[in-house]
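Trainee: Can we go through how the strands in this model fit together?
Mentor: Yes, let's take it sheet by sheet.

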Amino acid sequence: MDGCFSIMLNSLFVFGVLGVLLIPAKCDRILVCLEDDNDLRVDCLIEPKLNKINSYEFSWSNGTRESVINTNVSGSVAEGQFKHKSYVVELEPHGYRMTLDDFTDKLPHNTTYMCKISKDLASVNVEKEHLVPCSAVSMFLKSSCSWIVCLLLFFYQTRS
């Protein structure tokens with residue numbers, strides 16, 4: 001009887017933790033990293049609006065000055081220093097990736113990176129010396145996907 005109660009209590013605890021972790025289960029909507037060739041990569045993971053042509057805008061700010069790096073918004077243009085140095089590709093299942101070619105020597109020290117998809121904004125503040133490489137492990141550790149922790153706890157529970 002004690003063994004059964006212990007297993008039930010252990011299961012209750014694990015699934016309670018899973019329940020708490022599943023509530024805020026949300027990944028970062030913007031990820032910034034450095035490619036192997038020192039290109040800056042910004043992944044904007046905002047889910048686009050359905051049945052709508054989506055617009056995007058990537059920018060950064062240092063202090064009070066905001067600089068547009070790349071955009072497809074009508075009436076908005078990227079600053080001259082970024083023209084022909086960045087490109088944007090669509091990500092599946094949603095979002096956009098902007099790559100800024102070989103620009104790391106000109107990055108401001110403490111920068112807020114921003115992206116907008118159809119007027120939905122995401123931003124992150126990154127210090128130049130804390131930019132992570134774009135490896136899978138670095139991005140996994142940087143992202144706040146608590147659902148992965150839930151999955152690991154679930155597998156642990158089912159094995160015990």
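The questions below deal with strand order, pairing and burial in this predicted model.

Trainee: Which strands stand at the edges of the open sheet of 4 strands?
Mentor: The order is β4-β3-β7-β8, with antiparallel pairing. An edge strand has a single partner, so one side of it is left without a neighbour in the sheet. The edge strands here are β4 (65-71) and β8 (120-127).

Trainee: In β8, what is the bridge partner of Thr111?
Mentor: Start with the strand pair. β7 covers residues 110-117 and pairs with β8 in the antiparallel sense over 8 bridges. Within β8, the partner of Thr111 is Val126.

Trainee: Now the open sheet of 5 strands: which strands does β2 pair with?
Mentor: Read along the order β5-β6-β2-β1-β9, where the pairing is mixed. On one count, β1 (residues 30-34) and β2 (residues 40-44) are antiparallel over 5 bridges. On another, 5 bridges join β2 to β6 (residues 96-100), again antiparallel. The partners of β2 are β1 and β6.

Trainee: Which residues are the bridge partners of Val42?
Mentor: Val42 lies in β2 and is the partner of Val32. In β6, Val42 has another bridge partner. The two residues are Val32 and Met98.

Trainee: Are the residues of β2 buried or exposed?
Mentor: Buried means under 20% relative accessible area. One side of β2 holds Leu40, Val42 and Cys44, and the other Arg41 and Asp43. Both faces are covered. Of its 5 residues, the number buried is 5.

Notes
Residues numbered from 1 in each chain as written. Predicted model: local features only at pLDDT ≥ 70, side-chain atom pairs only at ≥ 80, totals over all residues. Heavy atoms only, no water. Pairing = 2+ DSSP bridges. Buried < 20%, exposed > 50% of the residue type's maximum accessible area, 1.4 Å probe, protein only.
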